[in-house]
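Hi,

Here is the structure I promised to send over. Have a look at it first, and then read my notes below.

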Amino acid sequence: MLAYPSAIERLSFFGPTPRDGMVRIEVRALPFDAQGRARSRLQWIADGRVWAEMELADVLFPKGALGNAPALARQAFLRDRKPAPGVRLSRAENGASRLSAREVAASNWLPGTLESLYGVSGNPADMARAIAAKEHAAAQLGVHPGVVTVEGDVARCAGAPLNPVPLSVGRDGNDWVVSGTVPAAPDIAPLKAFWRSRLGTGDWPVEDLFSALAAEFVGQVRVAEPEQLARIRDRGALFLGNHQVAVESLTFTLVAAALTGRPILTVAKAEHRNTWLGSLLALSGSAPGLCLPQMMLLFDREDPAAMLGLVEQACDAVRRDGMSIMVHAEGTRSLSCRAPVSRLSGVFLDLAARLEVPIVPVRFAGALPVEPAPERLEFPLGFARQDIHIGAPLWPDDLASLPLAERKRAVLDAINVTGPGLTGECPNEPRPDFEAAARAIASTQGLALPRAATLQAVSNAIPCDRPLARLARSIAAGEGVEEADPWLSALAGWFRNQ
């Protein structure tokens, strides 16, 4: 219970007010009064004598679930509006969240407390339903419930822009009961909407191809400071991140472009020109009637002249073409999910300063094993879905005063602390059915595994009546393909590595 002073029942003074020295205060409990108020007697003692004595009555209010939380967790949740594990008003039982109107009223004895904290309104019953829904979704997403919005039976928040949570809400006696789990796959509708608006297109095979890769290999997307995305939309950004698997170079550009309203140009090593991903992007850019922005900028890291050319091309992409830049800081894929980013070229820091754009740390997570893999991976381990964490921007004014070495350290630290803790990261849940199907296609049709996996992604994610889906099924089944569309015919050749 919390005690709030209600009435001074008696106050007596037995001498002049002490002007110096130490005054000791002793407090003793008295019996509760008839109104249920807690009572106490206080004595102020100076020079061994009682100077004043008071009898005080306190009204008691229940602390409730929030008030009983540990102090630091309570401070983070109530004052800083940050998620604090275990701090919640509703009860978590068997995968559901339960809350009654009585529990809401008991914690809202200072009117406006819960309304302000959760962004809810109405009578206690309405508030109980809304709070239970917000807290259930917040626990799924790892955010504060105050930033969650509930529309119908779907919960959303800006910090998880592609991962809405479908909810089931019902009554059990006095309790509102809310259940639901965040889907493993992202909502790719915002990606389609952005690219259609940008390119002025409707349905087209390249959209289906890219949508399939994003739907099958992206998991949770988290944005640390979503309110900053509008500023990035206006001026662009340099995204700097770790590097886990090959496919993330494409999936990140699809996701980040939709979130920031600007296409992303990924800087990569020149040898990517002949990889499955590099050739797929080149083929996609040749689709007729489509002006797809350049998505990959290839350069030789060992050639100083190439580095200078890279800077100029990157500046043109940002200033002239309205793009942002993505760079994998170390330039090569890691083998373990717990390996920190430890190297970063000063060229990219100078590039951000020259363009006067923020550096945005990015962390890819969940795609690698804990123990180093024997080789660099094209897709997440076990064909899992990979999580993308976009950290808080580092703005030019904040970095400008730092010497180069300190700027590097600040950026590296920002990358390594974004998302889950490095020491505890583990690979995401594998998908054995997907892997078995992709390997079966590769084996029976003599395809390279990355191309077979792309076929399987299309088969999984794209409606079967779409031209690309029909093409994928025919190739996977070993059927002859006579495609009237020249570009789809070229894509069929790409799948067969021809």
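Let me start with I8, which sits in strand β1, the stretch covering residues 2-13. Bear in mind throughout that this is a predicted model. I8 comes out as exposed, at 53% relative accessible area, because the cut-off for that label is over 50%. Together with L11 and F13, I8 makes a nonpolar patch on the surface, about 310 Å² in area.

Next, have a look at S40. Strand β3, residues 38-46, is where you'll find S40. Is S40 buried or exposed? Its relative accessibility is 11%, so S40 counts as buried, the limit for buried being under 20%. And what does S40 touch, leaving aside residues up to four places away in sequence? The list is V27, R28, A29, L30, M54, E55 and L56. For L56 I also have a C-alpha distance: 5.4 Å from S40, with the two positions 16 residues apart along the chain.

Then there are two backbone oddities you may want to click on. Most residues other than glycine have a negative phi. N94 isn't a glycine, yet its phi is positive, about 55°. F383 is also a non-glycine residue with a positive phi, in this case near 55°.

Where do these two sit? N94 is in the loop between β5 (91-93) and β6 (96-100), while F383 is in the loop that runs between β17 (359-365) and β18 (386-390). As for their surroundings, N94 is exposed, with a relative accessible area of 84%. F383, on the other hand, has a relative accessibility of 5% and therefore counts as buried.

Last stop: a helix pair further along the chain. Helix α17 spans residues 467-476 and helix α18 spans residues 486-495. Their axes come within 11 Å of each other, crossing at roughly 35°, and the crossing is right-handed. Which residues meet there? On the α17 side they are P467, L468, L471 and I475; on the α18 side, L488, L491, A492 and F495.

If you only have a minute, I'd go to the two loops, one with N94 and the other with F383, and then to the crossing of α17 and α18.

Cheers

Conventions. Residues are numbered from 1 along each chain as its sequence is written. This is a predicted model: local features need pLDDT of at least 70, side-chain atom pairs count only at pLDDT 80 or more; totals for chains, interfaces and linings use all residues. Side-chain values use heavy atoms; hydrogens and water are left out. Patches are made of residues with over 30% relative accessible area and no salt bridge: like charges are joined within 9 Å, nonpolar side chains (Val, Leu, Ile, Met, Phe, Trp, Tyr) within 5 Å. Accessible areas come from the Shrake-Rupley method with a 1.4 Å probe; for residues, only the protein chains shown count as cover. A salt bridge is a side-chain nitrogen of Lys or Arg within 4 Å of a carboxyl oxygen of Asp or Glu. Helices (H or I, at least four residues) and strands (E, at least two) are DSSP runs, numbered from the N terminus. Buried means under 20% relative accessible area, exposed over 50%, partly exposed in between (1.4 Å probe, protein chains only). Axes are lines fitted to C-alpha atoms, for helices over the stretch in contact, and angles run from 0 to 180 degrees between N-to-C directions. A crossing is left-handed if the near helix is turned anticlockwise from the far one by less than a right angle, and right-handed if clockwise. Contact means heavy atoms within 4.5 Å.
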